[in-house]
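Colleague: I would like to learn how to read the overall fold and a pocket in a model like this. Can we go through them in turn?

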Amino acid sequence: MQGFGFHTLALLTAVGFTGPLLASLPRLRLPVVIGELTAGLVIGKTGFGVVDVADPTFQLFANIGFALVMFVVGTHVPIRGGGLRSAVPLALARAVLAGGVAAVLGAGLAAEFGTGHAALYAVLMASSSAAVALPLIDSLRLRGPHVLSATTQIAIADAACIVLLPLVIDIQRAPTAALGALAIAGGAGLLFVLLRAVDRRGWRRRVHTYSQRRRFALELRTNLVVLFALAALAASTHVSIMLAGFALGLVIALVGEPRRLARQLFGITEGFFSPLFFVWLGASLQVRELGSHPKLILLGVGLGLGAVLAHCVGRLLGQPLTLAVLSAAQLGVPVAAATIGTEGHLLVAGEASALMFGALLTIACTSIAGAVAARGQAAREAGQPAADKST
């Protein structure tokens, strides 16, 4: 196992192509991160041990990727639309109801497997992934009031569970984590006020035009400075850097993300740092431990199906079943739990892999539900019953 250098960067960049390659297979339609995690498993602890996941440089690059991934997730939360606000009450009621069911299921799973992580499991199963569900909704061109309500619910659940995760994954440090989270929220709030003031005076537009004309990428540089400053604050207060990235992303979403900045963020994140992070995460997981602890496979199944069940209770409040299942998609919160738990040695052997296994099950269910919802919408738009369309 060699030290971290350009040869390692070349390897990581190359194996990162596994994600787009698998995602391009029409019959599978796997999310890109699945291929990247799989590549990490092959070259990491579970596989051939080609890379050293404990290398400080590798960890730093992975943490930068983690912060940028959560930043992009935050910018994808659709919180500016006027119609979105009118959907909040019902969406909030569904999210709370799903959270209540998740709490019961989490307590049962923790008692059955003896991990003592009831609160963690509850947050995981109550969470949604805007990074997975919203692009899926866009790609399938799903629309209508029910879709808007589901989008709002996903945004609420995603934001709430990202804030709650640092508080529940290590109960003993919950007060410290709460103070750190408040500090990051305060910093993000001050940034929002500053950006709004700058925007109203027209300074932001002038900087954007000047930067575009001179090709200085000032907006990207500024956002990276703020992101790394918030990440430093998170690290100094013992809070996950995912909060720093997500909080900044929400601020940019509220103010309005320029298209040029969106393209720049997409390039730097999806082109390098995001694949590197997910490859590192896959390399960090020790899936072989699941073989030594086969009960943890059942834990992953329980978490995945439990999340789907918890979100399906939205059917009681009039939500179509397909959209209820779609809202159960998980990625950011389980990834954060696995990352924080692995780095802090807070999980039992193999538990991180079980968390990721459960998340993958929700993504599979979400993909199926999205396809069914798209077919149903197409049938309705064609003026035919869904049953006739499928024959």
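Modeller: We start with the chain as a whole and then turn to one pocket. Keep in mind that this is a predicted model.

Colleague: How many helices and strands are there in the protein chain?

Modeller: The protein chain has 20 helices and 0 strands.

Colleague: What does the radius of gyration say about the protein chain?

Modeller: The value is set against that of a compact globule, which for 391 residues would be near 21 Å; the protein chain has 21 Å, so the two agree. The C-alpha trace spans about 60 × 50 × 45 Å along its principal axes.

Colleague: What share of the residues is buried?

Modeller: Buried means under 20% relative accessible area. By that cut-off, 49% of the 391 residues are buried. The accessible surface of the chain is about 17,900 Å², and carbon and sulfur atoms hold 67% of that surface.

Colleague: And how should I read the contacts by sequence separation?

Modeller: Take the contacts between residues at least 6 apart in sequence: 79% of these join residues at least 24 apart.

Colleague: Now the pocket. What is the volume of the second largest pocket, and which residues are closest to its centre?

Modeller: Its volume is about 450 Å³. Of the 19 lining residues, H238, V239, S240, I340 and E343 are the closest to the centre.

Colleague: Which helix supplies the largest share of that lining?

Modeller: α18 does, with 4 residues. Helices that each supply at least two residues include α4 (56-75), α9 (145-169), α10 (174-200) and α12 (218-236). By residue class, the lining divides into 10 nonpolar, 6 polar and 3 charged.

Definitions and conventions:
Residues are numbered from 1 along each chain as its sequence is written. This is a predicted model: local features need pLDDT of at least 70, side-chain atom pairs count only at pLDDT 80 or more; totals for chains, interfaces and linings use all residues. Side-chain values use heavy atoms; hydrogens and water are left out. On a 1 Å grid over the protein atoms alone, a cavity is a set of points where a 1.4 Å probe fits but cannot get out, and a pocket is an open set with protein on both sides within 12 Å along at least five of seven lines; lining residues have an atom within 4 Å of a point. Grid points are joined across faces, edges and corners, and a volume is the space filled by probe spheres set on the points. Ala, Val, Leu, Ile, Met, Phe, Trp, Tyr, Cys and Pro count as nonpolar, Asp, Glu, Lys and Arg as charged, and the others, Gly among them, as polar. The radius of gyration is taken over C-alpha atoms; the globule rule is 2.2 Å times the number of residues to the power 0.38. Buried means under 20% relative accessible area, exposed over 50%, partly exposed in between (1.4 Å probe, protein chains only). Contact means heavy atoms within 4.5 Å. Accessible areas come from the Shrake-Rupley method with a 1.4 Å probe; for residues, only the protein chains shown count as cover.
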